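Dear colleague,

Please find the structure below, handed over for your own work. My notes on it follow.

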Amino acid sequence: MNIAICNDVEIIGKALENILTELDPTLQIYRFTSPKQLIMTISETLPIDALFMDISLKNITHENAPNASTHSKEATEKNGIDYAKEFSKEHPNTLFFIMSGYLEQYVSQIFLKYNDLKISGILPKPFQYNNVKGFLEKIRKKKSGEMLGNEPHLMIRAVDRSTFWIKVADICYASIQNRTITITMTDKKVYICNGTLNALESKLPDYFLRCSQDYIINMSRVTLVRGGSAYFQEVTIPLTRYHGSSVSEKRAMILKSIGRCHLDS
């Protein structure tokens, strides 16, 4: 996920970045000390999932004034939320969080003056670990909802610590060796992650079958059942007694799941 932080005091922006990085090292964080820099840098080619914007921007209040010697009232009163409104016009899907050390002073003004701007949360300064953690979970839920739509997806973290959302229905089978899980998709794409098949199995719907100690299969993707094996095109996976189910019971479960599959004994 891509997260932007805009605070005119660099050390404060860095403090928030440190907490976010501790919570999730895979985050891509972009830190700005000027909202003008933020608006000019972020484009459609770099979508931002969430923006943390400071309200009071004392060090850059006049950056958009007509000239160096004359400042309009509008320019001097411009704050972080005004800039966020500009940003949201081009990036309507970005979650917007405001930061402030003076919430009592600003909160009532925020909801009266900016009721047309959807604010996802208010983060008080100094930052508290649990507050930031809660907001990060909110961002993740929104992001997963966008990616999932009506199709069930599964989030996995690969061995290189990168994170992926994969469509559950497109999983062909998963295998394990030395606590390393390999998930093979119907398009033959492979994801490799650490964990256990028990943990993975608990996250998968009923049409997945633990067919042996080392394999979980998507029964709807089986093309043939022959003897004690299930076939996925050119891949053969053994059916063994595991979790109390016999080979014949597993064969019957697969065939019941896929009416198009045929049995070759």
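Leaving aside its neighbours within four places in sequence, which residues is Phe52 in contact with? Please bear in mind throughout that this is a predicted model. With those neighbours set aside, the contacts of Phe52 are Ile3, Ala4, Ile5, Cys6, Leu16, Leu20, Phe97, Met99, Leu123, Phe135 and Ile139.

The nonpolar core

Phe52 also appears in the largest nonpolar core, which has 19 residues. The members that touch the most others are Ile3, Leu16, Leu20, Phe52, Leu123 and Val132. Two or more residues come from each of β1 (2–6), α1, β3 (50–54), β4 (95–100) and α6 (129–148).

Helix α1

Helix α1 covers residues 10–23, 14 residues in total. From its first C-alpha to its last it reaches 20 Å, close to the 20 Å expected at 1.5 Å a residue. Its buried residues are Gly13, Leu16, Glu17, Ile19, Leu20 and Leu23. Viewed down the axis of α1, the buried residues fall within an arc of 160°, so they line one face of the helix. On the face turned away from that buried side are the exposed residues Glu10, Ile11 and Glu22.

The open sheet

A five-stranded open sheet has the order β10-β9-β8-β12-β11, with antiparallel pairing. Strands β10 (190–194) and β11 (208–210) stand at the edges with a single partner strand each, so one side of each has no neighbour in the sheet. From one strand to the next, the twist averages 15°.

Within this sheet, β8 (residues 171–177) and β9 (residues 180–185) run antiparallel and are joined by six bridges. One of the pairs places Ala174 opposite Ile183 in β9. The two strands form a hairpin, with two residues between them. β8 also pairs with β12 (residues 215–218), again in the antiparallel sense, over three bridges. Strand β8 is mostly covered, since five of its seven residues are buried.

Is Ser175, a residue of β8, buried or exposed? Its relative accessibility is 16%, and a residue under 20% is taken as buried, so Ser175 counts as buried. In β12, Tyr215 stands opposite Ser175. Leaving aside neighbours within four places in sequence, Ser175 is in contact with Thr180, Ile181, Thr182, Leu197, Asp214 and Tyr215.

Backbone features to check

Three places in the backbone may interest you when you prepare the model.

- Asn178 has a positive phi of about 55° although it is not a glycine. Asn178 lies in the loop between β8 and β9, and at 71% relative accessibility it counts as exposed.
- Lys188 likewise is not a glycine, yet has a positive phi of about 75°. Lys188 sits in the loop between β9 and β10 and is exposed, with a relative accessible area of 53%.
- The peptide bond joining Lys125 and Pro126 is cis, with omega about 0°. Pro126 belongs to the loop between β5 (121–124) and α6.

In summary, the points to carry forward are the largest nonpolar core, with Phe52 among the members that touch the most others; the one-sided burial of α1; and the antiparallel open sheet, in which β8 stands between β9 and β12.

With kind regards

Notes. Residues numbered from 1 in each chain as written. Predicted model: local features only at pLDDT ≥ 70, side-chain atom pairs only at ≥ 80, totals over all residues. Heavy atoms only, no water. Pairing = 2+ DSSP bridges. Helix = DSSP H or I, 4+ residues; strand = E, 2+ residues; numbered from the N terminus. Axes fitted to C-alpha atoms, helices over the stretch in contact; angles between N-to-C directions. Expected span 1.5 Å × (residues − 1). Buried < 20%, exposed > 50% of the residue type's maximum accessible area, 1.4 Å probe, protein only. Arc of directions from axis to C-beta. Contact = heavy atoms within 4.5 Å. Core = buried A, V, L, I, M, F, W, Y, C linked by side-chain atoms within 4.5 Å.
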